[in-house]
Amino acid sequence: MKEQNRSRKRKRGKVHKKSSPSSSTPTGDGHSKFSGVNRSSASKNAISKTKKASSFLDKMKARLSGGHFRMLNEKLYTCPGDEALNYFKENPELFNVYHAGYQEQMLHWPEQPVNTITKWLKDHSPSLVVADFGCGDGRLARSVKNKVWSLDLVANDPSVIACDMSNTPLLSLSVDVAVFCLSLMGTDYPSYIQEARRVLKPRGWLLIAEVKSRLDPNTGGADPNKFLKAICELGFTIESKDFSNKMFALFYLKKKEKQNSVDKEINWPELKPCIYKRR
């Protein structure tokens, strides 16, 4: 019996020894700690690579978007209005691309002309009916109490009328203020101003905001005096002009009370295309 008991104790001791942590293979806590460090380092490297890839993709998307904007911008400045209208009818999604690029460019301007025009309208009667030629995202209409006819090549909003700026559906003598805010872009821009003359009431206002470089003869732009002279020959008088802003010029004109037929050919100066360079 005693020998059997000793044998059982020895067996239990062997079992206990095998299951003892101190006798186990050293692949426990120590290895686990090193594995944790390796996993953490690998995770950080993976996150870093993901961020770099994301940053690279964002830069590439920005470049592609900027390239599309510059291409579209150049086209709008170098083709007539009806061609631009047909182009966006066939590719309406590009209109959003263009205006996204346009808004990005405006972020770099210390002041935006639409804000100046908005302030002018708020300083006048809210009963004045406005035609916003080349309205873009319709910001002017959303900023004032006036009735605003928003006109552009594509109508992404129910409030916008899609049309050629030289041939709008507005009635003759139905508008108090015609606005061109950086929108005299086509090679046939005089026809846009002629359309504004048609829809404006006698003594109606013509407000033009234009990129300053387009009216700088020293850099290949048009002579602003010749530009204004041509508009006056069409049947307007100059009320005021503002060159104080670094980026744009503003002209405030009024349609004459009595309109004579324009018999002689008006010598319209060519406006320099405003082509944005890659930043």
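Among contacts between residues at least 6 apart in sequence, what percentage join residues at least 24 apart? In this protein the figure is 66%. Keep that in mind as you click around what is a predicted model.

**Whole chain**

Start with a cartoon view of everything. You should be able to pick out eight helices and seven strands. Now colour by burial: of the 279 residues, 40% are buried.

**The sheet**

Select the strands next. Seven of them make up an open sheet with mixed pairing, and the order across it is 3-2-1-4-5-7-6. Go to the two edges, where you'll find strand 3 (160–162) and strand 6, each pairing on one side only. Sight across the sheet and you'll see a twist that averages 20° from one strand to the next.

Zoom in on the strand 6 end. Residues 236–242 are strand 6 and residues 248–255 are strand 7; the two run antiparallel and are joined by six bridges. Together they form a hairpin, with five residues between the strands. Two positions are handy for getting your bearings here. Select Ile-238 and look across to strand 7, where Leu-253 stands opposite. Then move to Asp-242, which has Leu-250 of strand 7 opposite.

Bring back helix 7, residues 189–199. This helix lies across strand 1 (130–133), strand 4 (175–181), strand 5 (200–211), strand 6 and strand 7. Line up your view with strand 5 and you'll see helix 7 running at about 150° to that strand.

**Two nonpolar cores**

Hide the cartoon for a moment and show nonpolar side chains. The largest nonpolar core holds 38 residues. To find its best-connected members, select Phe-88, Ile-117, Leu-121, Val-177, Val-179 and Leu-207, the residues with the most contacts inside this core. Turn the cartoon back on to see who contributes: helix 2 (29–77), helix 3 (81–90), helix 4 (93–106), helix 5 (113–122), strand 4, strand 5 and strand 7 each supply at least two residues. Helix 4 gives the most, with five.

Centre on Val-179 for a closer look. Which residues are in contact with Val-179, leaving aside its neighbours within four places in sequence? Select Ile-117, Val-130, Ala-131, Asp-132, Phe-133, Leu-140 and Leu-207 and you have them. Apart from the largest core lies another one, of 32 residues, and Ala-131 is among its members, along with Ala-230, Ala-249 and Trp-268.

**Aromatic stops**

Show the rings of Phe, Tyr and Trp. A search of the whole structure turns up eleven aromatic pairs. Try Tyr-87 and Phe-88: their ring centres are 5.6 Å apart and their planes meet at 75°, so this pair is edge-to-face. Phe-88 is buried, at a relative accessible area of 1%. While you're here, add Lys-75, which lies over the face of Tyr-87 at 4.9 Å from the ring centre.

Jump to Phe-243 and Phe-251 for another edge-to-face pair, with centres 5.6 Å apart and planes at 75°. Is Phe-251 buried or exposed? At 1% relative accessibility, Phe-251 counts as buried, whereas Phe-243 is partly exposed at 34%. Widen the selection to include Tyr-189, Phe-227 and Trp-268, which form one aromatic cluster with Phe-243 and Phe-251.

For another lysine over a ring, go to Lys-147. This side chain lies over the face of Trp-149, at 4.0 Å from the ring centre.

**Two backbone oddities**

Finish with a pair of positive phi values. Leu-173 sits in the loop between strand 3 and strand 4, and its phi is near 55°, a positive value in a residue other than glycine.

The other stop is Arg-203, in strand 5. Although Arg-203 is not a glycine, its phi is positive, at about 70°. At 38% relative accessibility, Arg-203 counts as partly exposed. What does Arg-203 touch, not counting residues up to four places away in sequence? Select Lys-254, Lys-255, Lys-256 and Glu-257. For a last click, draw a C-alpha to C-alpha distance from Arg-203 to Lys-256: they are 53 residues apart in sequence, but 5.6 Å apart in space.

Conventions. Residues are numbered from 1 along each chain as its sequence is written. This is a predicted model: local features need pLDDT of at least 70, side-chain atom pairs count only at pLDDT 80 or more; totals for chains, interfaces and linings use all residues. Side-chain values use heavy atoms; hydrogens and water are left out. Two strands pair if DSSP finds at least two bridges between them. Helices (H or I, at least four residues) and strands (E, at least two) are DSSP runs, numbered from the N terminus. Axes are lines fitted to C-alpha atoms, for helices over the stretch in contact, and angles run from 0 to 180 degrees between N-to-C directions. Contact means heavy atoms within 4.5 Å. A nonpolar core is a set of buried Ala, Val, Leu, Ile, Met, Phe, Trp, Tyr and Cys residues joined through side-chain atoms within 4.5 Å. Buried means under 20% relative accessible area, exposed over 50%, partly exposed in between (1.4 Å probe, protein chains only). Rings of Phe, Tyr and Trp (its six-membered ring) pair if their centres lie within 6.5 Å; planes under 30 degrees apart count as stacked, over 60 as edge-to-face and the rest as tilted. A charge sits over a ring if NZ of Lys or CZ of Arg is within 6 Å of the ring centre and within 35 degrees of the ring normal.
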